[in-house]
Amino acid sequence: MSRVLSTEQAKTAIGQVQSIINGGFTEQIAALDAQGKILSDPNVWDGPLATQFRGSTWPETKAALDKAREELEQLRTQLQQISENIFSAGGGA
């Protein structure tokens with residue numbers, strides 16, 4: 001039989017992770033995306049390094065940010081489900 005344990009410390013940590021994901025972290029990713037879009041406009045910023053930024057640096061970075069945001073949302077959802085399952089089964093208060 002598998003052990004099921006969920007302490008108050010675990011409940012608090014789950015809440016904190018969810019808070020970080022829901023709050024500042026995803027907002028910061030969105031803010032980076034907005035600034036990246038501005039810098040990708042050749043009417044705002046142009047030249048050899050700006051072209052490199054538009055052509056490879058920003059698209060690669062944006063893809064990584066989008067993936068991180070998606071994975072964080074999956075983590076938040078999984079933590080919520082795990083928390084609900086454990087606490088509804090009597091694993092914690």
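Okay, a quick definition to start: when I say buried, I mean under 20% relative accessible area. Keep that in mind, since I'll lean on it in a minute. And one caveat up front: what you're looking at is a predicted model.

Let's do the overall picture. The chain has two helices and zero strands. Helix α1 covers 8–39, and helix α2 covers residues 48–88. How far does the C-alpha trace spread along its principal axes? About 60 × 25 × 15 Å. The radius of gyration tells a similar story: the chain comes in at 20 Å, whereas a compact globule of 93 residues would be near 12 Å. As for burial, 18% of the 93 residues make the cut. The accessible surface is about 6,600 Å², and carbon and sulfur atoms own 58% of that.

Now, contacts. If you take those in the chain with a separation of 6 or more, 61% are between residues 24 or more positions apart.

So what's on the inside? The largest nonpolar core has six residues, namely Ile21, Ile29, Phe53, Trp58, Leu65 and Leu72. Both α1 and α2 chip in, with at least two residues each, but α2 brings the largest share, four residues.

Ile21 is a nice one to click on. Skip its neighbours within four places in sequence, and Ile21 still touches Thr26, Leu72, Leu75 and Arg76. Leu72, you'll remember, is a fellow core member.

Next up, the aromatics. There are two aromatic pairs in the structure. Take Phe53 and Trp58: is that pair stacked or edge-to-face? Their ring centres are 5.9 Å apart and the planes sit at 20°, so it's stacked; the cut-off for stacked is planes under 30 degrees apart. Here's where the opening definition pays off. Trp58 has a relative accessible area of 10%, so Trp58 is buried. Phe53 comes out at 14%, so Phe53 is buried too. And there's a third ring to bring in, because ring pairs link Trp45, Phe53 and Trp58 into a cluster.

Last stop, Pro48. Buried or exposed? Pro48 has a relative accessible area of 73%, so this one is exposed. Pro48 lies in α2, which runs over residues 48–88. If you want a feel for distance, try Pro48 against Ser6: they're 42 residues apart along the chain, and their C-alpha atoms are separated by 55 Å.

That's my tour. To recap the part I'd look at on screen: Phe53 and Trp58 stack on each other, and both belong to the six-residue core. Happy to rotate the view for anyone.

How values were computed: Residues numbered from 1 in each chain as written. Predicted model: local features only at pLDDT ≥ 70, side-chain atom pairs only at ≥ 80, totals over all residues. Heavy atoms only, no water. Phe/Tyr/Trp six-rings, centres within 6.5 Å; stacked < 30°, edge-to-face > 60°. Buried < 20%, exposed > 50% of the residue type's maximum accessible area, 1.4 Å probe, protein only. Core = buried A, V, L, I, M, F, W, Y, C linked by side-chain atoms within 4.5 Å. Contact = heavy atoms within 4.5 Å. Rg over C-alpha atoms; globule rule 2.2 N^0.38 Å. Areas by Shrake-Rupley, 256 points an atom, 1.4 Å probe, with all protein chains shown as cover.
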